[in-house]
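Biologist: Could you take me through the largest pocket in this one, and then whatever around it helps me get my bearings? I'd like one connected walk rather than a list.

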Amino acid sequence: MDRTEVLEKQALMEQKVQEADVLLVGIGEEWNEDFAEIDKYPMLTAILQEMEMDSSLEWLIPFLEQLYIQEHIERKREGTRIQAYQKLYQLIKDKNYFIVTTCIDSIVGQIGFDKEKIVEPCGSYHRLQCSQGCCAQLYPSDTFSRQLRETLENQESVLALQIPLCPECGMPLAFNNILRAQYYVQDGYQTQWERYTKWLQLTLNKKLCILELGVGMELPNIIRWPFEKIAYYNRKADFFRVHGTLYQLTEELGGKGKGSVTEGIAVSVAMNALEFFGVERN
């Protein structure tokens, strides 16, 4: 897409967001943290180098990922991903919105969005669970996170640290997300999912704008397919699909807005969602 087309679609999206009564946002794989800038944090790279010499420390990797995310948000607030989230926030902050995200880094919950309007079906780094799924109990990850941070900041050896254990069975705890927990406990997001479905029921007769941003086919049953269905059955709904490669619309949505002036529109944007929100206007 050339710059002119990008700016036109940005303007159209802004218009439809402002016109909408309610706003449904899906955030997918293109927004996932890739930890590409970890070399900017000497405290973290030092322990990675230590791991290369001692493979027994590999259990610390997900906890370092959590620290990286915290550092990236709290100290830097820079880079394409953070800026894209901030622009999305400015776009929708005054609307009645709900966000569904398959990202597990929880960055969306630390930018300013209302946490009561976010559901993370794939989990996050906020809580721990038994790695063997022996129970549905979830535990806050803050205690060990602080311990690890203090150890690194004091330049102490991490060899003295011990992996957190499940109080029920004594097995190691793992982060409550689909990437790190082999037996993922889904209880952590159920309350928010129920809140989301109730909110969604109230959108049926309202002017709805749907933003599907960077959602591919890794987990299409969470966002992509349900959003298509919602857009199809709500004739008033405007639908925007933004993705670098999987931007195509279904045949049903492709004809949306062409048969009646009362129908909403469906727009595909052939561009990575982070890059789309990163294009500045002059």
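**The largest pocket and its surroundings**

Modeller: Sure. The largest pocket holds about 380 Å³ of space, and keep in mind that this is a predicted model. Its lining is made of 17 residues, and those that lie nearest the centre are Lys115, Ile118, Glu120, His126 and Arg127. Three elements give two or more residues each to that lining: strand 3 (118-119), strand 4 (123-130) and helix 6 (187-201). Strand 4 gives the most, with four residues. As for the character of the lining, it divides into nine polar, four charged and four nonpolar residues.

From the pocket you can step over to strand 5 (residues 138-140), where Leucine 138 is found. Leucine 138 and histidine 126 are twelve residues apart in sequence, and their C-alpha atoms are 9.8 Å apart in space. Histidine 126 is the same residue that turned up among those nearest the pocket centre. Leucine 138 has a relative accessible area of 16%, so it counts as buried.

Carry on along the chain and you get to helix 5 (residues 142-153). Its end C-alpha atoms are 16 Å apart, which agrees with the 16 Å that twelve residues should span at 1.5 Å a residue. The buried residues in helix 5 are Phe144, Ser145, Leu148, Arg149, Thr151 and Leu152. Why do they sit on the same side of helix 5? Because they cover an arc of only 160° around the axis.

After helix 5 comes glutamine 155, with a positive phi near 55°. That is a positive value in a residue other than glycine. Glutamine 155 has its place in the loop between helix 5 and strand 6 (173-177). Its relative accessibility is 74%, so glutamine 155 counts as exposed. Phenylalanine 35 is another one to look at on this score: its phi is positive, about 60°, although it is not a glycine. You'll find phenylalanine 35 in the loop between strand 1 (22-27) and helix 2.

That brings us to helix 2 itself (residues 42-53). It has twelve residues and reaches 17 Å from its first C-alpha to its last, close to the 16 Å expected at 1.5 Å a residue. Leu44, Thr45, Ile47 and Met51 are its buried residues. They are on the same side of helix 2 because the arc they cover around the axis is only 160°. Turn to the other side of helix 2 and you meet Pro42, Glu52 and Met53, which are exposed.

Past helix 2, serine 55 is in the loop that leads to helix 3 (61-76). Serine 55 is exposed, with a relative accessible area of 54%. It makes a handy marker for distances. From serine 55 to valine 119 is 64 residues along the chain, and their C-alpha atoms are separated by 35 Å. Strand 3, one of the elements that line the pocket, covers 118-119, so you can use that distance to place serine 55 relative to the strand. Glycine 244 is 189 residues from serine 55 in sequence and 37 Å from it in space, C-alpha to C-alpha. Glycine 244 lies in the loop between strand 8 (238-243) and helix 8 (251-254), and it is partly exposed, with a relative accessible area of 31%.

One last thing to check while you have the structure open is the cysteines. How many disulfides does the model have? The count comes to zero, with a pair of sulfurs required to be within 2.5 Å. For cysteine 103, the closest cysteine sulfur is in cysteine 122, and at 8.5 Å that is too far for a bond. Cysteine 103 counts as buried, at 2% relative accessibility. Cysteine 166 is in no disulfide either, and its nearest cysteine sulfur, that of cysteine 134, is 3.6 Å away. Cysteine 166 also counts as buried, at 3% relative accessibility.

Key:
Residues numbered from 1 in each chain as written. Predicted model: local features only at pLDDT ≥ 70, side-chain atom pairs only at ≥ 80, totals over all residues. Heavy atoms only, no water. 1 Å grid on protein atoms, 1.4 Å probe; cavity = no way out; pocket = protein on both sides within 12 Å on 5 of 7 lines; lining within 4 Å. Points joined across faces, edges and corners; volume = space filled by probe spheres on them. Nonpolar A, V, L, I, M, F, W, Y, C, P; charged D, E, K, R; others polar. Expected span 1.5 Å × (residues − 1). Buried < 20%, exposed > 50% of the residue type's maximum accessible area, 1.4 Å probe, protein only. Arc of directions from axis to C-beta.
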